[in-house]
Amino acid sequence: MGGTDCGVYRIGLGVYAIGRLAGAEADALSAHLNGCPPCRAELAELRTVAELLAHSVRAPGPARKGAGRGPRTGASRLGLSGACAYGARGPGRSR
């Protein structure tokens, strides 16, 4: 990094990149960035990653039956109930 104090500022770069660092910490990091090309370069990379992640979040789809439940995986995706997948007396089943 650009100077001996970069380690202190590097910790906040990720939070700063997504606009969540506030107050005196943000001001101090901003002042450091003015004189530290390596930290500015790292910030630019972090902002690129943050932007990619923001675009990768799936927008909520239309309401459907069972909304609120997670995506179907494993046995449920194959149309098998828990009883079929584990047997009537499998884990968590009463005897």
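Biologist: How many helices and strands does the chain have?
Modeller: This is a predicted model, in which local features need pLDDT of at least 70 and side-chain atom pairs count only at pLDDT 80 or more, while totals for chains, interfaces and linings use all residues. Residues are numbered from 1 along each chain as its sequence is written, and side-chain values use heavy atoms, with hydrogens and water left out. Helices (H or I, at least four residues) and strands (E, at least two) are DSSP runs, numbered from the N terminus. Along the sequence the pattern is α-α-α-α-α, and the chain accordingly has five helices and zero strands.

Biologist: What percentage of the 95 residues of the chain counts as buried?
Modeller: Buried means under 20% relative accessible area, exposed over 50%, and partly exposed in between (1.4 Å probe, protein chains only). Among the 95 residues of the chain, the buried share is 16%.

Biologist: Which helix gives the most to the largest nonpolar core?
Modeller: A nonpolar core is a set of buried Ala, Val, Leu, Ile, Met, Phe, Trp, Tyr and Cys residues joined through side-chain atoms within 4.5 Å. The largest one has 11 residues, namely Cys6, Leu13, Tyr16, Ala17, Leu21, Ala26, Leu29, Leu33, Cys36, Cys39 and Leu43. At least two residues each are supplied to this core by helix 1, helix 2 and helix 3 (37-56). With four residues, the element that gives the most is helix 1.

Biologist: Which residues does Ala17 touch, not counting residues up to four places away in sequence?
Modeller: Contact means heavy atoms within 4.5 Å. Ala17 belongs to the largest nonpolar core, as does Leu43. Once residues up to four places away in sequence are set aside, Ala17 touches Leu43, Leu46 and Arg47.

Biologist: Is Leu46 buried or partly exposed, and with what relative accessible area?
Modeller: Leu46 lies in helix 3 and touches Leu13, Gly14 and Ala17, residues up to four places away in sequence not being counted. Despite these contacts, Leu46 is partly exposed, because its relative accessible area is 29%.

Biologist: What distance separates the C-alpha atoms of Leu46 and Gly14?
Modeller: Gly14 is among the residues that Leu46 touches. Along the chain the two are 32 residues apart, and their C-alpha atoms are separated by 6.3 Å.

Biologist: Does His32 count as buried or exposed, and at what relative accessibility?
Modeller: His32 has its place in helix 2. The residue counts as buried because its relative accessibility is 10%.

Biologist: With which residues is His32 in contact, leaving aside its neighbours within four places in sequence?
Modeller: Two of the partners, Cys6 and Cys39, also appear in the largest nonpolar core. Leaving aside neighbours within four places in sequence, His32 is in contact with Asp5, Cys6, Tyr9 and Cys39.

Biologist: How far apart in space are Asp5 and His32, C-alpha to C-alpha?
Modeller: Asp5 is found in the segment before helix 1 and counts as partly exposed, at 34% relative accessibility. Asp5 and His32 are in contact. They are 27 residues apart in sequence, and C-alpha to C-alpha their separation in space is 8.9 Å.

Biologist: Among contacts between residues at least 6 apart in sequence, what percentage joins residues at least 24 apart?
Modeller: The contact of Asp5 with His32 joins residues 27 apart in sequence. For the chain, among contacts between residues at least 6 apart, the share that joins residues at least 24 apart is 46%.
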